[in-house]
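Subject: The structure, and what turned up in it

Hello,

Here is the structure I promised to pass on to you. Please open it beside this email, and then read on for what was found in it.

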Amino acid sequence: MIIKMPGYGVNGSEHYVVLEKVTHFYGISYNGKPGTCIVLEGGKEITTELMPYEVSKRIDDQRLILSEQNRP
């Protein structure tokens with residue numbers, strides 16, 4: 001399952017994140033601008049302007065959709 005995340009900062013571009021590759025995420029704040037760093041398998045980090053609770057909600061929502069699609 002792929003989740004679209006907005007970029008971080010003025011020139012941040014959108015990211016498409018493979019849900020199964022997310023290992024964890026944590027809050028960040030650079031120069032007073034809050035956001036979230038999403039860590040993928042292999043150590044790649046993606047930053048987004050979304051707050052950690054928003055990232056968590058998007059991940060949870062996608063997992064729910066996926067589980068509903070896999071019901072018999």
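How many aromatic pairs does a search of the whole structure find? The search finds 1 aromatic pair. The two rings are those of Y8 and Y30, with centres 6.0 Å apart and planes at 80°, so the pair is edge-to-face. Y8 sits in the loop between β1 and β2, while Y30 belongs to strand β3, so the pair ties together parts that are 22 residues apart in sequence. The two partners also have their own accessibility values: Y8 counts as buried at 15% relative accessibility, whereas Y30, at 47%, counts as partly exposed.

Please keep in mind that this is a predicted model.

The overall picture

The protein has 1 helix and 5 strands, and along the sequence they follow the pattern β-β-β-β-β-α. Taken along the principal axes, the C-alpha atoms fill a box of roughly 50 × 25 × 20 Å. Of the 72 residues, 28% are buried. The protein exposes about 4900 Å², and carbon and sulfur atoms supply 52% of that area. Among contacts between residues at least 6 apart in sequence, 33% join residues at least 24 apart.

Salt bridges

Side chains of opposite charge can pair when their charged atoms come close. With a cut-off of 4 Å between the nitrogen and the carboxyl oxygen, the count comes to 3 salt bridges.

- K4 and E14: the closest N and O atoms are 3.4 Å apart. K4 lies in strand β1 (residues 2–5) and E14 in the loop between β1 and β2 (15–18), so this pair ties together parts that are 10 residues apart in sequence. K4 is partly exposed, with a relative accessible area of 43%, and E14 is partly exposed as well, with 44%.
- E41 and K21: here the closest N and O atoms are 3.6 Å apart. The pair links distant parts of the chain, 20 residues apart, with E41 in the loop between β4 (33–40) and β5 (45–48) and K21 in the loop between β2 and β3 (22–30). E41 has a relative accessible area of 46% and is partly exposed; K21 is partly exposed with 41%.
- D61 and K57: the closest N and O atoms of this pair are 2.9 Å apart. Both residues are in helix α1 (residues 52–69), 4 residues apart, and are separated by about one helical turn. D61 counts as partly exposed, at 33% relative accessibility.

A buried threonine

Which residues is T48 in contact with, leaving aside its neighbours within four places in sequence? They are M5, P6, G7, Y8, G35, T36, I38 and V55. T48 is in strand β5. Its relative accessibility is 0%, and T48 therefore counts as buried, since the cut-off is under 20%. You have already met one residue of that list, Y8, as a partner in the aromatic pair with Y30.

Around H24

H24 has its place in strand β3. Is H24 buried or partly exposed? At 41% relative accessibility, H24 counts as partly exposed. Not counting residues up to four places away in sequence, H24 touches C37, I38 and V39. One of these, I38, is also in contact with T48. The side chains of H24 and T23 are joined by a polar contact of 3.0 Å. If you would like a distance to check on your screen, the C-alpha atoms of H24 and S56 are separated by 9.9 Å, and these two residues are 32 residues apart along the chain.

A nonpolar patch on the surface

I2, Y16 and V18 form a nonpolar patch on the surface. Together they have about 310 Å² of accessible area. V18 is found in strand β2 and is partly exposed, with a relative accessible area of 35%.

Where to look

For a tour of the model, you could begin with the rings of Y8 and Y30, go on to T48 in strand β5, and then turn to the salt bridge between D61 and K57. The patch of I2, Y16 and V18 on the surface would make a good final stop.

Best wishes

Conventions: Residues numbered from 1 in each chain as written. Predicted model: local features only at pLDDT ≥ 70, side-chain atom pairs only at ≥ 80, totals over all residues. Heavy atoms only, no water. Salt bridge = Lys/Arg side-chain N within 4 Å of Asp/Glu carboxyl O. Helix = DSSP H or I, 4+ residues; strand = E, 2+ residues; numbered from the N terminus. Buried < 20%, exposed > 50% of the residue type's maximum accessible area, 1.4 Å probe, protein only. Contact = heavy atoms within 4.5 Å. Polar contact = N/O pair within 3.5 Å; in protein donor to acceptor, adjacent residues only side chain to side chain. Phe/Tyr/Trp six-rings, centres within 6.5 Å; stacked < 30°, edge-to-face > 60°. Areas by Shrake-Rupley, 256 points an atom, 1.4 Å probe, with all protein chains shown as cover. Patch = residues over 30% accessible without salt bridge, like charges linked within 9 Å, V, L, I, M, F, W, Y side chains within 5 Å.
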